[in-house]
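Please work through the following exercises with the sequence and the structure side by side, trying each task before reading its solution.

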Amino acid sequence: MKWLRRWQGLLSQKPLRLAFLGLVISFLVSFPFWASRYWVDVGFYVGLYALLGLGLNIILGEVGLFNLGHAAFWAIGAYTTAILNVRFGIPTLALLPISAVVAAGCAWLVSSPIIHLRGDYLCIVTIALGEIVRLVLINNPGGLTGGPNGVVGIARPVFLGHVIRTPMDFYFLVWAVVILCAIGLRQLQRSRLGRAWNYIREDEIAAEAMGVDVRALKLLAFVVGAALAGLAGNIFAAKMRMVSPDSFTFMESCLMFCIVLLGGMGSIPGTILGAALVVLFPEIFRPVAQYRLLFFGLALAATMYFRPGGLWPRRRTAEILVGQTER
Amino acid sequence: MLTFLQQLLNGLTIGSFYAFVALGYSLVYAILKLINFAHGDLFGLGAYIGYTVFVYAFGVVGTVLGLWGLLAAGFVAAALGTAAAGLIIERVAYRPIYPIGRLPAVVSALGMAIFLSNFIMAVWGPRYLAYQEHFIPTGFWQIGEFRIRVLQVLILLSSLVLLGILYLVVEKTTFGAAVRAVALDRETAALMGIDFLKVIRFAFAVGPALGAIAGVFVGMYYRQINFTMGWVYGLKAFTATILGGIGNIPGAMVGGVLLGLLEALTAGYISAAWKDVFVFAALMLMLIFRPTGLLGEKVAEKV
Amino acid sequence: MKWIIGLSVVLALCGWAQPILVGFQGPLTGPWAVEGDWALKSVQIAVEIVNARGGILGRPVQLVVEDDGGTPKGGTLAAQKLIAAGVKFVVGTYGSMVCMPSSELYEEEGVVHINYGCTRVDLSARGFKYYFRTSGRDDSQARFFVEYVIPLFGAKRIAVMHDNTAYALGVAEDVLRFMKPLLDEGKVELVYYDAIMPGERDYTPALTALRDAKPDIWYYTGYYPEWALLLRQGKDLGLDWKKIKAVGSNACPISEAVKIAGLDAVVGAMITQEPLPAFLVEKYPLAKEFVEAYEAKYGPIHDSPWATYAADAIFTLAFAIEATRSLDPAVVAKYLRSGQVIGEGITGPLSFSPEGDRLGVPYMLLICTEEGKSALFDPAVHGHLVGM
């Protein structure tokens with residue numbers, strides 16, 4: 001596994017990094033033109049989970065808050081799109097930012113009272129949150145969410161007169177959003193804000209002592225992370241043209257958690273790689289039909305066995321993590 | 001009043017299941033600070049092993065030892081088998097990973113949880129399996145309209161006795177002191193000459209064994225098991241663990257029973273459909289005002 | 001020259017011909033893996049029967065199997081995989097919310113999609129050209145309950161319980177809809193209407209409320225694991241299934257309920273059911289052939305109607321392609337929509353409405369006998385079991 005580290009080292013040289021980036025982008029852009037529509041759809045889900053992973057990466061990877069209920073924000077984004085589109089006919093694509101804002105607003109509301117909780121106590125509260133959101137959706141308050149039937153008949157998004165409908169359209173839609181978000185997050189990582197977030201993760205009390213507003217910054221992380229999940233919810237609802245509560249289970253939250261850790265905490269390329277893994281593993285094991293999840297479970301554990309710091313750890317983080325016992 | 005008593009009894013029974021499973025979470029957490037997501041599925045595995053013993057050993061053991069002998073054999077086999085599975089999982093999936101960080105171990109635990117439930121499906125099939133009438137004690141006592149089943153008493157008694165024994169072991173013996181020392185500070189304990197691997201093995205054998213006993217009881221009580229049951233119970237038991245305060249034995253017990261009662265009473269008096277919403281909301285409220293659980297100790301913050 | 005043609009005909013008959021690919025999409029993993037397993041086995045048996053008769057248009061049928069895990073997302077991936085494999089005819093899947101996004105993909109690609117386990121009413125209201133289902137709809141069952149079962153027992157106080165899943169809620173709401181005239185006239189009274197949580201293990205609270213409502217008849221719409229527990233725990237609570245007629249919906253196979261709840265709790269309980277293979281063997285020759293082949297290979301036949309409908313989806317395709325002598329999905333779909341009976345399958349005559357719904361899905365009321373078997377309810381024979 002040394003080669004991966006060496007590989008990462010190589011990429012720190014700028015020309016090589018640019019060449020590699022060019023290679024990746026040309027692969028991403030050309031992929032739907034030579035792959036079958038099935039693989040394009042797999043590529044779409046990689047993008048979708050990458051978006052969800054990037055959102056959780058802010059909360060879990062940058063600030064170190066254990067969030068095992070991220071699917072709740074995804075669900076809120078998806079249901080916002082579904083309800084506003086089906087009831088009021090607002091165009092699906094126009095709801096993209098609105099879904100993000102609603103998800104972010106909900107995140108701010110629900111995480112304000114719990115943000116002071118630490119570690120595993122925060123973890124269980126987010127699990128509870130995820131379950132509450134799912135159960136409320138099932139119980140159909142005010143006839144708004146359609147209960148277990150969900151909401152159906154969401155209109156296809158239209159972009160400059162072009163109806164987004166084929167797997168390829170959706171592939172480009174989701175990856176465009178992913179790349180924009182990734183660039184934005186990269187800027188955030190290098191900003192004062194990003195450094196403050198990392199400070200909280202490494203030593204909360206010291207950060208507070210240095211004058212970092214821990215509470216506000218933690219809340220901000222939740223809000224930004226939830227906004228990304230809201231974007232993913234909108235795209236998911238547009239793709240499926242329906243939403244139902246059984247898409248947003250605790251298992252999905254767990255998978256997002258895995259994505260961040262498989263990739264490497266706080267690492268943007270790592271998160272995208274982790275998403276690829278989580279989506280691809282069950283697809284690769286399709287030939288064994290009913291045993292494919294069995295292999296998926298083993299693969300998750302095996303990845304952590306060989307790359308405990310993640311596939312593409314953020315370099316700074318990697319050095320600190322190795323040999324450390326508590327964290 | 002009658003309904004209330006009946007609900008109370010039901011709540012206590014469900015609570016005992018949660019307490020059994022919560023204990024496994026709590027033990028592992030206390031020692032490794034790891035949320036062992038595979039624990040719920042180990043509990044499921046226990047139910048399946050017990051089922052297999054009951055079905056296939058019914059002819060042989062049942063005739064030699066009678067019903068109670070058969071039951072004992074089932075419980076022992078389930079406990080041993082699941083403890084072995086727990087130890088294997090610890091050795092293969094956790095030990096190489098947890099020195100590096102506890103979050104990667106969480107992913108490994110989730111992987112093991114997915115693996116275990118699908119392993120159960122691969123071996124025993126996707127169908128619901130039924131614990132049959134003839135290997136379940138079916139008697140009951142009737143007091144007016146109030147009904148207590150022998151099985152319920154058995155479940156309540158064994159949870160009290162087993163968890164009591166575990167409590168005594170951890171609190172009163174020398175080995176228990178070692179367990180507590182490792183839970184408090186692993187490195188210092190190791191420096192003091194405590195074999196900390198032994199303590200870890202203890203946690204990964206006893207936790208799953210207790211979970212397996214709960215699994216067999218759940219099979220007997222509800223008469224059906226399926227390969228996804230571990231996940232649901234795991235989530236609930238983990239909630240119970242936190243409710244009581246993670247990492248201590250009476251806490252797991254109190255948390256389990258409290259969760260069971262809360263469920264039974266909200267379902268009975270408010271709404272069955274909204275029951276889990278109330279349970280989780282109560283949990284959130286409790287944690288907002290008492291952030292370390294009911295019996296959790298106030299941990300001094302590091303400076 | 002003639003012998004060459006002759007040889008090629010012989011070769012074609014021997015199975016040298018290109019196989020016709022037929023896709024199967026179903027939940028082989030996840031919580032509904034049981035249904036996926038049964039449906040796959042049934043479909044395989046149906047394909048064997050078709051192939052043993054010389055295939056379709058002289059060509060053998062080959063199954064392409066994809067798992068959808070019982071989730072909407074898994075459904076779209078499985079559908080894309082089948083479409084990418086060049087499949088033009090698909091049988092699948094179980095669960096209305098899984099079916100919905102996949103059926104859109106099939107529709108767009110012009111793939112004939114025959115659904116076997118989705119009963120949601122509006123699935124066929126989307127104006128699709130390629131969507132069909134061999135199963136009934138939610139409301140056909142509800143209608144049967146209101147118009148046949150309630151008068152049969154002269155029930156006045158009605159209790160309806162569902163488990164909040166898409167399917168169960170649909171049936172429960174349709175019962176209310178069909179019952180509305182009766183309610184308005186005051187002929188019946190709705191004394192209990194509530195949901196339980198599936199996956200829960202303890203339903204004593206709900207049952208206590210049910211007991212206090214004193215219904216004549218209790219209709220549970222939902223799945224068998226919960227129904228079995230309800231029957232068992234109700235019995236333990238002292239509810240008398242002779243006074244309260246316990247009727248389950250069609251996802252509550254009696255044999256499974258007996259296994260879980262024990263015979264004493266289930267005897268006398270009834271279900272509204274699509275025709276099960278075991279009751280069809282005497283009526284339809286194909287059913288007999290199917291059940292015999294299934295039992296020879298996999299042991300006792302399941303009693304899931306959905307898996308039976310999955311097998312019938314294969315026969316639907318076989319009949320339609322033979323009749324049109326065309327492998328063009330558009331031609332086959334147009335023919336299927338004509339409303340005429342295209343042949344006799346396992347579950348009786350196969351014909352479809354222009355929307356793609358199965359026409360004339362028969363229902364029956366089954367009862368659990370003292371031996372723990374399902375039997376067609378006959379007041380003269382089984383009346384004593386339900387206190388009639």
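The exercises below concern a predicted model, and they move from contacts between chains to a nonpolar core.

**Exercise 1.** Describe the side of chain A that touches chain B.

Solution. Begin with the extent of the contact, to which chain A contributes 35 residues and chain B contributes 40 residues. Next, look for the elements of chain A that give two or more residues to this side, which are helix 6 (119-139), helix 11 (250-263) and helix 13 (292-306). Among these, helix 6 of chain A gives the most, with 10 residues. Finally, sort the residues of this side by class, which yields 27 nonpolar, five polar and three charged residues.

**Exercise 2.** Describe the side of chain C that touches chain A.

Solution. Start again with the extent, where 22 residues of chain C are in contact with 24 residues of chain A. At least two residues of the side of chain C come from each of strand 2 (61-67), helix 3 (72-84), helix 4 (96-109) and helix 6 (166-185). Helix 3 of chain C gives the most, with eight residues. By class, this side of chain C holds 12 nonpolar, six polar and four charged residues.

**Exercise 3.** Place C:Ala257 within the largest nonpolar core.

Solution. This core has 354 residues, and C:Ala257 is one of those that touch the most other members, a group including A:Leu51, B:Ile213 and C:Ile314. Within chain C, the core draws at least three residues from each of domain 1 (2-136 + 280-350) and domain 2 (139-273 + 364-386). As a last step, leave aside residues up to four places away in sequence, and C:Ala257 is then found to touch C:Tyr224, C:Trp227, C:Ala228, C:Leu231, C:Cys252 and C:Val266.

Key:
Residues numbered from 1 in each chain as written. Chains lettered and ligands numbered in written order. Predicted model: local features only at pLDDT ≥ 70, side-chain atom pairs only at ≥ 80, totals over all residues. Contact = placed C-beta atoms within 7 Å. Helix = DSSP H or I, 4+ residues; strand = E, 2+ residues; numbered from the N terminus. Nonpolar A, V, L, I, M, F, W, Y, C, P; charged D, E, K, R; others polar. Core = buried A, V, L, I, M, F, W, Y, C linked by C-beta atoms within 7 Å. Buried ≥ 20, exposed ≤ 12 C-beta atoms within 10 Å, placed from the backbone. Domains from an automatic or database assignment.
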